[in-house]
Amino acid sequence: MTDSPHPPMNPALRPVHKQRSFASLRAISALVLREMATTNGRSANGFLWAIAEPVGGIILLTAIFSLGFRSPSVGTNFAIFYATGLVPFLFYLSISGKTAAAIQYSKPLLAYPAVTFMDAFLARAFFNLVTQVMVAYLIFTVIYFTQETRTDPQILGIVLSLAMALVFALGVGAMNCFLFTAFPWWQFAWAILNRPLFLVSCIFFIYDDVPQPFQYYLWFNPLVHVIGQMRKSFYPSYAGDYVSPAYVFGVGFVLLGIGLAFLTRYHRDLLNS
């Protein structure tokens with residue numbers, strides 16, 4: 001009796017799938033849960049801090065400026081005026097800052113083949129997007145229903161403003177995600193360069209009140225357009241003709257494309273550094 005050219009297969013062995021189904025989605029979901037536990041799960045009031053920061057800023061600004069001025073630059077209510085400036089600014093600041101630290105924050109997990117730098121980036125972006133949208137909704141709703149704001153919120157305009165802030169934040173976050181990891185000194189330099197942004201983004205005033213030639217230079221700050229769009233969405237009488245969503249989306253997508261291109265090309269070197 002001749003031997004068979006193909007030995008019988010061991011029934012105990014089973015074929016192994018080369019790739020899990022929805023591997024990236026599973027990794028992102030796990031990273032989002034980790035983000036929830038580490039960012040807001042260490043204390044019972046962890047999530048309240050995300051709300052307390054902008055609320056505290058709005059209360060402080062309202063108290064200070066209401067003492068020296070009868071009314072804000074637009075409308076009659078200080079709280080809603082500063083909320084329309086501070087909420088989109090902190091929306092951008094939170095998402096750009098969190099996504100910029102995506103590789104540094106998840107570096108130990110990126111050693112596993114199932115987790116990629118895009119998973120870490122998208123997980124931080126998604127979690128902070130949901131958090132900041134909830135914060136914006138709560139703040140605007142409470143102010144609108146508890147005070148006489150004399151505003152007419154337009155949902156589509158508000159969504160457009162937050163979308164502009166999101167794209168710009170992701171672009172800045174992607175670029176800094178590469179730069180922070182490749183050049184650690186840039187993190188300290190960026191912290192210094194980023195500080196004046198709070199003063200030159202039209203949070204305390206409106207763009208129309210800025211004299212030339214400073215108004216010309218302020219136009220190139222994408223956050224001026226983001227905040228201007230938010231105020232247009234609340235104040236029917238505010239024209240905001242200077243607002244250019246195309247400019248903000250253009251800057252955001254260009255930065256996002258360049259940042260992701262650098263991360264795709266050099267992420268292995270960054271992880272091994």
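Here is a friendly exchange about how some features of this predicted model get their labels.

Reader: What does the secondary structure of the protein come to?

Author: The predicted model has ten helices and zero strands. Along the sequence the pattern reads α-α-α-α-α-α-α-α-α-α. Of the 273 residues, 44% count as buried.

Reader: Why is the pair of Phe81 and Tyr82 called edge-to-face?

Author: By the pairing rule there are 20 aromatic pairs. In one of them, Phe81 and Tyr82 have ring centres 5.2 Å apart and planes at 75°. Pairing needs centres within 6.5 Å, and planes over 60 degrees apart count as edge-to-face, so this pair earns the label.

Reader: Are those two residues buried or exposed, and how do you know?

Author: Phe81 has a relative accessible area of 0%, and for Tyr82 the value is 2%. Buried means under 20%, so Phe81 and Tyr82 are buried.

Reader: Why is the pair of Phe183 and Trp185 called tilted?

Author: Their ring centres are 6.2 Å apart, which is within the 6.5 Å limit for a pair. The planes meet at 55°, neither under 30 degrees nor over 60, so the pair is tilted. Phe183 and Trp185 also belong to one aromatic cluster, together with Phe178, Trp186, Trp190, Phe262 and Tyr266.

Reader: What makes Phe183 partly exposed but Trp185 exposed?

Author: Exposed means over 50% relative accessible area, and Trp185 has 56%, so Trp185 counts as exposed. Phe183 has 38%, which lies between 20% and 50%, so Phe183 counts as partly exposed.

Reader: How do you know that the charged end of Arg231 sits over the ring of Phe81?

Author: The charged end of Arg231 is 3.9 Å from the centre of the Phe81 ring. The distance limit is 6 Å, so that part of the test is met. The rule also asks for a position within 35 degrees of the ring normal, and the Arg231 charge is counted as sitting over the ring.

Reader: Why is Ser244 called buried, and where is its place?

Author: The relative accessibility of Ser244 is 19%, and the buried class is under 20%, so Ser244 counts as buried. Its place is in the loop between α9 (222-234) and α10 (245-272). Beyond its neighbours within four places in sequence, Ser244 is in contact with Trp219 and His225. Ser244 and Pro222 are 22 residues apart in sequence, with their C-alpha atoms 8.8 Å apart in space.

Reader: Which residues form a nonpolar patch on the surface, and what makes Ile258 eligible?

Author: The patch consists of Val254, Ile258, Phe262 and Tyr266, with about 320 Å² of accessible area together. Ile258, found in helix α10, has a relative accessible area of 37%. Patch residues need over 30%, so Ile258 passes that cut-off.

Reader: Which residues that are not glycine have a positive phi, and are they buried or exposed?

Author: Arg150 is one of them, with a phi of about 55°, and Cys202 has a phi of about 65°. Arg150 is found in the loop between α5 (117-146) and α6 (155-182). Its relative accessible area is 64%, over the 50% cut-off, so Arg150 is exposed. Cys202 has its place in the loop between α7 and α8. With 2%, under the 20% cut-off, Cys202 is therefore buried.

Reader: Which peptide bond is cis?

Author: The bond from Gln212 to Pro213 is cis, with omega near 5°. Pro213 lies in the loop between α7 (185-194) and α8 (214-218).

Terms used:
Residues numbered from 1 in each chain as written. Predicted model: local features only at pLDDT ≥ 70, side-chain atom pairs only at ≥ 80, totals over all residues. Heavy atoms only, no water. Phe/Tyr/Trp six-rings, centres within 6.5 Å; stacked < 30°, edge-to-face > 60°. Buried < 20%, exposed > 50% of the residue type's maximum accessible area, 1.4 Å probe, protein only. Helix = DSSP H or I, 4+ residues; strand = E, 2+ residues; numbered from the N terminus. Contact = heavy atoms within 4.5 Å. Patch = residues over 30% accessible without salt bridge, like charges linked within 9 Å, V, L, I, M, F, W, Y side chains within 5 Å. Areas by Shrake-Rupley, 256 points an atom, 1.4 Å probe, with all protein chains shown as cover. Salt bridge = Lys/Arg side-chain N within 4 Å of Asp/Glu carboxyl O.
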